[in-house]
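Work through these exercises with the structure in view. Try each task before reading its solution.

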Amino acid sequence: MALRERVQSLREGKAPQRKARRFGLIGALTSAAAAVAIALAVIVGSGASGPTLSDASAFTLQPALGPAPGHSFDGALDLDVDGVPYPYWQNEYGWHATGSRVDKIGGREATTVFYRKGTSRIGYTIVTGKPVSVPGSATVTVRHGIRFRSTSLHGAVVVTWERRDHSCILSGFNVSRAQLLKLAGWKDAGALPYSDSSS
């Protein structure tokens with residue numbers, strides 16, 4: 001009788017241990033799988049898809065780190081990115097350049113010039129490389145054959161378009177979408193063949 005009870009107690013004592021080991025192994029495998037999934041998500045998220053409009057437009061709202069470029073030629077500032085010039089808006093629209101900064105984003109360079117008019121400030125960023133990805137919900141406006149896409153990011157209105165395969169981004173607080181579109185359309189969006197102040 002005692003032997004039977006001892007055998008029974010040993011069986012009961014071992015079973016929970018085996019179950020605990022089994023669940024411990026399953027838990028470890030699940031944690032490892034989750035860690036791999038997170039690592040893959042980080043790798044994919046920072047891969048070939050490149051920076052987003054949200055990433056790049058954040059620079060337009062940052063403080064300037066360098067001086068404003070001077071006025072160069074035919075309505076442009078003395079600064080360009082791969083031949084894409086920054087506008088001189090002071091005479092035509094009253095916006096004067098106040099500063100600049102250069103940042104790195106996803107292995108690319110993002111150069112921003114800041115402008116001020118009264119108490120309003122805007123940033124104009126040009127990103128090298130392929131165009132940044134834009135939310136599908138962005139509003140599309142076509143002027144003179146150029147597609148401008150606008151949306152709201154970081155609490156500010158953002159307008160973006162492409163010039164010579166570069167993403168141009170214009171954004172700021174206390175400025176309307178209509179104002180940004182007017183500035184973005186400056187001299188055929190920077191091609192400089194004409195000035196259309198009525199657009």
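The exercises below deal with a predicted model.

**Exercise 1. Find how many helices and strands the protein has, and in what pattern they follow.**

Solution.
Step 1: Count the elements. There are five helices and nine strands.
Step 2: Read along the sequence. The pattern is α-α-β-β-α-β-β-β-β-β-β-β-α-α.

**Exercise 2. Describe the burial, surface and contacts of the protein.**

Solution.
Step 1: Take burial. Of the 199 residues, 37% are buried.
Step 2: Take the surface. About 11,100 Å² is exposed, and carbon and sulfur atoms supply 56% of that area.
Step 3: Take contacts with a separation of 6 or more. Residues 24 or more positions apart account for 57% of them.

**Exercise 3. Locate the largest nonpolar core and the elements that supply it.**

Solution.
Step 1: List the central members. The core has 25 residues, and Trp89, Tyr115, Ile122, Tyr124, Trp161 and Leu170 touch the most other members.
Step 2: Trace the suppliers. Strands E1, E2, E4, E5, E7, E8 and E9 each give at least two residues, as does helix H4 (177–184).
Step 3: Pick the top supplier. H4 gives the most, with four residues.
Step 4: Look for another core. One of 12 residues lies apart, with Leu53, Phe59, Ile105 and Ala138 among them.

**Exercise 4. Which residues does Tyr115 contact beyond its neighbours within four places in sequence?**

Solution.
Step 1: Start at lower numbers. Tyr115 is in contact with Leu77, Tyr86, Pro87, Trp89, Trp95, His96, Ala97 and Thr98.
Step 2: Go on to higher numbers. Ser120, Arg121, Ile122 and Tyr124 complete the list.
Step 3: Link back. Trp89, Ile122 and Tyr124 also appear with Tyr115 among the core members named in Exercise 3.

How values were computed:
Residues are numbered from 1 along each chain as its sequence is written. This is a predicted model: local features need pLDDT of at least 70, side-chain atom pairs count only at pLDDT 80 or more; totals for chains, interfaces and linings use all residues. Side-chain values use heavy atoms; hydrogens and water are left out. Buried means under 20% relative accessible area, exposed over 50%, partly exposed in between (1.4 Å probe, protein chains only). Contact means heavy atoms within 4.5 Å. Accessible areas come from the Shrake-Rupley method with a 1.4 Å probe; for residues, only the protein chains shown count as cover. A nonpolar core is a set of buried Ala, Val, Leu, Ile, Met, Phe, Trp, Tyr and Cys residues joined through side-chain atoms within 4.5 Å.
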